[in-house]
Amino acid sequence: MNNSYKQNNPVSLSALLLVVALLTGCATTETIDGEVNPDPYEETNRSFYRFNDALDRHVMTPIAKNYVKAVPEPARDGITNFFDNLEYLNVILHSFLQGKLLQGISDVTRFVVNSSVGIGGLFDVATPMGLDKHDEDFGQTLAAWGAEPGAYLYLPFLGPYTARNSPDVAGSYFSNPLTYISTIYLFPVTFLNLVNDRANLLEASEFVEEASIDPYSFTREAYLQRRKYLIHDGNPPADEYDEMFELDFEEESEPKLVIE
């Protein structure tokens, strides 16, 4: 399920995630032969994956499909823009925490423009103005500060994380203005956000099911690659194995002169 899913008791959940992050971040992820194992808790993770998958199939997906039928696409786009704009405060915070001052100023301007001219964020008028949308979070900030990714985690209700990124659940919660509205409005608004997020992922989830023999492994690898992409701002370094493979390939592909 989508990473933006929020829980009813975020304070205790945040404390739990912080403890888990500290423990799993310090735990070794190396195998006997020295290779890095990003998923040392695979058995437990798979159990949570099956739980989330069942919940998604029987509850969230049917609701999301009916939501798509009932709500026109322009309205869904406006709802997506609205929630993205509110959650953008977390992006602004971590742009500055990572020392990206110019990007942070651009992000502040983007938020102000969309919140005012874009009518509370319902319309994304900042992108056509050249104010690009960025994606920053607590995990990327910790990576910029030198923290290791730690173990891969698949959390109930929340989905895929790394130990390094799990504290972002708390950070994104407390930086979201919706956190501070009355509970009477918070629950229905949060539920709308969950359903709208799930509706936006309908096609992607169907692709994963059809394209992969093992959806869990596919999800893990896709998530880890995505995290690497975000942490390096779209320019992840080549793995040593890939570089070695490319070198061997180039050496083997060189034409050889044969004299008969």
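A residue counts as buried when its relative accessible area is under 20%, and as partly exposed when the value lies between that cut-off and 50%. By that yardstick, tyrosine 173 is buried, because its relative accessible area is 15%. Its partner in an aromatic pair, phenylalanine 174, has a relative accessible area of 39% and is therefore partly exposed. The two rings meet edge-to-face, with 5.1 Å from centre to centre and 85 degrees between the planes. These values, like those that follow, come from a predicted model.

Stepping back to the whole chain helps to place such details. The chain has 10 helices and two strands. Read from the N terminus, the order of elements is α-α-α-α-α-β-β-α-α-α-α-α. Of the 260 residues, 38% count as buried. Contacts across the sequence are well represented: among those between residues at least 6 apart, 70% join residues at least 24 apart.

One helix packing offers a good place to look at such contacts. Helix α2, residues 42-70, packs against helix α7, residues 183-200, at an angle of about 85 degrees, and the two axes are 8 Å apart. Since angles from 65 to 115 degrees count as roughly perpendicular, α2 is roughly perpendicular to α7. On the α2 side, the contact is made by Asp56, Met60, Thr61, Ile63, Ala64, Tyr67 and Val68. These meet Phe191, Leu192, Leu194, Val195, Asn196, Arg198 and Ala199 in α7. By residue class, the contact holds 10 nonpolar, two polar and two charged residues.

Two members of this contact can be followed a little further, one from each helix. Asparagine 196 is part of helix α7. With a relative accessibility of 1%, asparagine 196 falls under the 20% cut-off and so counts as buried. Leaving aside residues up to four places away in sequence, asparagine 196 touches Tyr67, Arg76, Ile79 and Thr80. Valine 68, in turn, belongs to helix α2. Its relative accessible area is 28%, so valine 68 is partly exposed. With the same sequence neighbours set aside, valine 68 touches Arg76, Ala199 and Leu202. Arg76 thus appears among the contacts of asparagine 196 and also among those of valine 68. The C-alpha atom of valine 68 is separated by 9.0 Å from that of asparagine 200, although the two residues are 132 apart along the chain.

Aromatic side chains provide a further set of links. The structure holds seven aromatic pairs. In one of them, tyrosine 49 and tyrosine 216 are edge-to-face, at 5.7 Å centre to centre and with 80 degrees between the planes. This pair joins distant parts of the chain, as tyrosine 49 lies in helix α2 and tyrosine 216 in helix α9, residues 215-231, with their positions 167 residues apart. Both tyrosine 49 and tyrosine 216 are buried. The two also take part in a cluster in which ring pairs link Tyr49, Tyr152, Tyr154, Tyr216 and Tyr223. Helix α2 therefore has a contact with α7 as well as an aromatic link to α9 through tyrosine 49.

A ring can also have a charged neighbour. Arginine 110 lies over the face of tyrosine 88, at 5.5 Å from the ring centre.

Terms used
Residues are numbered from 1 along each chain as its sequence is written. Side-chain values use heavy atoms; hydrogens and water are left out. Axes are lines fitted to C-alpha atoms, for helices over the stretch in contact, and angles run from 0 to 180 degrees between N-to-C directions. Helices (H or I, at least four residues) and strands (E, at least two) are DSSP runs, numbered from the N terminus. Angles under 35 degrees count as roughly parallel, over 145 as roughly antiparallel, 65 to 115 as roughly perpendicular and the rest as oblique. Contact means heavy atoms within 4.5 Å. Ala, Val, Leu, Ile, Met, Phe, Trp, Tyr, Cys and Pro count as nonpolar, Asp, Glu, Lys and Arg as charged, and the others, Gly among them, as polar. Buried means under 20% relative accessible area, exposed over 50%, partly exposed in between (1.4 Å probe, protein chains only). Rings of Phe, Tyr and Trp (its six-membered ring) pair if their centres lie within 6.5 Å; planes under 30 degrees apart count as stacked, over 60 as edge-to-face and the rest as tilted. A charge sits over a ring if NZ of Lys or CZ of Arg is within 6 Å of the ring centre and within 35 degrees of the ring normal.
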